[in-house]
Amino acid sequence: MKALQYREFGARPEVVTVDKPVPGPGEVLLKMTASGACHSDEFIMSTPADQYVFAPLPLTLGHEGAGIVEELGPGTTGIEVGQAVLVYGPWGCGMCHSCAQGSENNCAHGISAPGIHRPGTMAEYMIVDSPRHLVPLGDLDPVASVSLTDAGLTPYHAIKPSLSRLSPGTTALVIGVGGLGHVGVQLLRALTQATVIAVDLDRSRVDQALELGAHHSFISDSDAGERIRELTGGRGVDAVFDFVGAQSTADLAQSSVAVAGEIVLIGVGTGTVGAGYLTLPFDVSVRVVNWGSRSELMEVIELARRGAISVTVSEFSMDDAPSAYEQLHAGKVRGRAVVVPTR
């Protein structure tokens with residue numbers, strides 16, 4: 001079968017031919033219908049060899065997956081051959097308190113995710129270790145829906161705990177309107193009555209934010225902080241969602257948040273927010289989020305089924321999968337790049 005693999009430190013991913021996997025006891029073999037490309041994959045491929053802590057190379061990339069159940073391993077129950085599913089990515093131990101709540105993203109023993117710690121979704125077939133890591137897709141289009149597993153789930157997990165702060169008359173700031181941020185704008189409009197401000201470095205993404213319902217959207221330049229303060233009457237925003245994670249965006253979040261507000265760091269970057277009497281307004285909370293729970297993914301799918309949210313996607317064939325990452329890396333993908341093995 002064909003698979004997209006990161007094979008050598010510092011090199012770009014390659015489409016290669018590998019053996020079709022065979023499911024073991026309790027496992028599920030999926031025939032993949034779609035796989036999403038993520039900036040986290042670029043983060044993995046940019047990690048120096050002496051700092052690399054992921055699965056040994058070669059690594060089949062991809063942690064956003066949709067597929068059809070092809071085969072069940074010995075003793076596997078709870079799912080049927082032919083069922084359309086999405087792959088829940090953060091695989092935990094299944095036994096600790098967090099996993100028992102469905103929050104495997106916060107597993108006490110750490111997660112083992114496809115495309116990060118084991119072979120991923122960028123292949124014609126993949127092994128899923130347990131049926132509990134599969135969520136029924138129903139009649140939703142797998143190409144349009146595959147990135148709900150991260151680009152939908154992660155912003156939902158970030159925004160849901162902040163809903164009590166975002167009553168009518170409050171303001172939310174979205175920094176970065178890319179693969180996750182453009183869904184974040186939609187979630188804020190679907191779930192709250194807050195005023196939504198969105199900023200980005202790219203003009204097309206600024207325009208997209210307005211199309212998706214942001215009340216205000218503009219280029220994140222040196223004047224962005226001042227404009228945010230003007231729009232909030234000098235008060236600042238009640239919740240900041242940083243979908244970039246660079247130091248410049250963390251600084252913007254820090255300068256824009258209101259007293260008793262909240263900063264939520266989502267983007268995979270090296271930016272930090274300093275917490276102290278001289279760095280933040282009083283009673284500000286800071287959260288760092290990672291993915292989301294299985295039940296939250298089910299809720300995200302229901303929102304998509306009702307038409308409340310959608311992921312903007314650009315399709316690529318498996319043979320053209322390296323190009324998907326090149327365009328993602330260059331910032332040319334609007335929304336999410338999705339690889340379709342059968343295309």
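This section describes an open sheet, the helices that pack on it, and the surroundings of one glutamine in a predicted model.

The sheet comprises 6 strands in the order β11-β10-β9-β12-β13-β14, and the pairing is parallel. Strands β11 (216-219) and β14 (285-288) occupy the edges; each has a single partner strand, so one side of each is left without a neighbour in the sheet. From one strand to the next, the twist averages 15°. Within this arrangement, strand β9 (residues 171-175) runs parallel to strand β10 (residues 195-200), and 5 bridges join the two. Among the residues involved, Thr-171 has Thr-195 of β10 as its bridge partner.

Helix α6 (residues 203-211) packs on the sheet, where it touches β10 and β11. The direction of α6 makes about 180° with that of β11. Helix α7 (residues 224-231) lies across β9, β10 and β11, as well as β12 (237-242) and β13 (257-265). Relative to β11, helix α7 runs at about 165°.

A further helix, α8, spans residues 247-256 and contains Gln-254. Apart from neighbours within four places in sequence, Gln-254 is in contact with Ile-263, Val-273, Gly-274, Thr-279 and Leu-280. For one of these residues, Thr-279, the backbone oxygen lies 3.2 Å from a polar atom of the Gln-254 side chain. Ile-263, also in contact with Gln-254, falls within the residue range of strand β13 (257-265).

Note on methods:
Residues are numbered from 1 along each chain as its sequence is written. This is a predicted model: local features need pLDDT of at least 70, side-chain atom pairs count only at pLDDT 80 or more; totals for chains, interfaces and linings use all residues. Side-chain values use heavy atoms; hydrogens and water are left out. Two strands pair if DSSP finds at least two bridges between them. Helices (H or I, at least four residues) and strands (E, at least two) are DSSP runs, numbered from the N terminus. Axes are lines fitted to C-alpha atoms, for helices over the stretch in contact, and angles run from 0 to 180 degrees between N-to-C directions. Contact means heavy atoms within 4.5 Å. A polar contact is a pair of N or O atoms within 3.5 Å; within protein, one must be able to donate a hydrogen and the other to accept it, and residues adjacent in sequence count only if both atoms are side-chain atoms.
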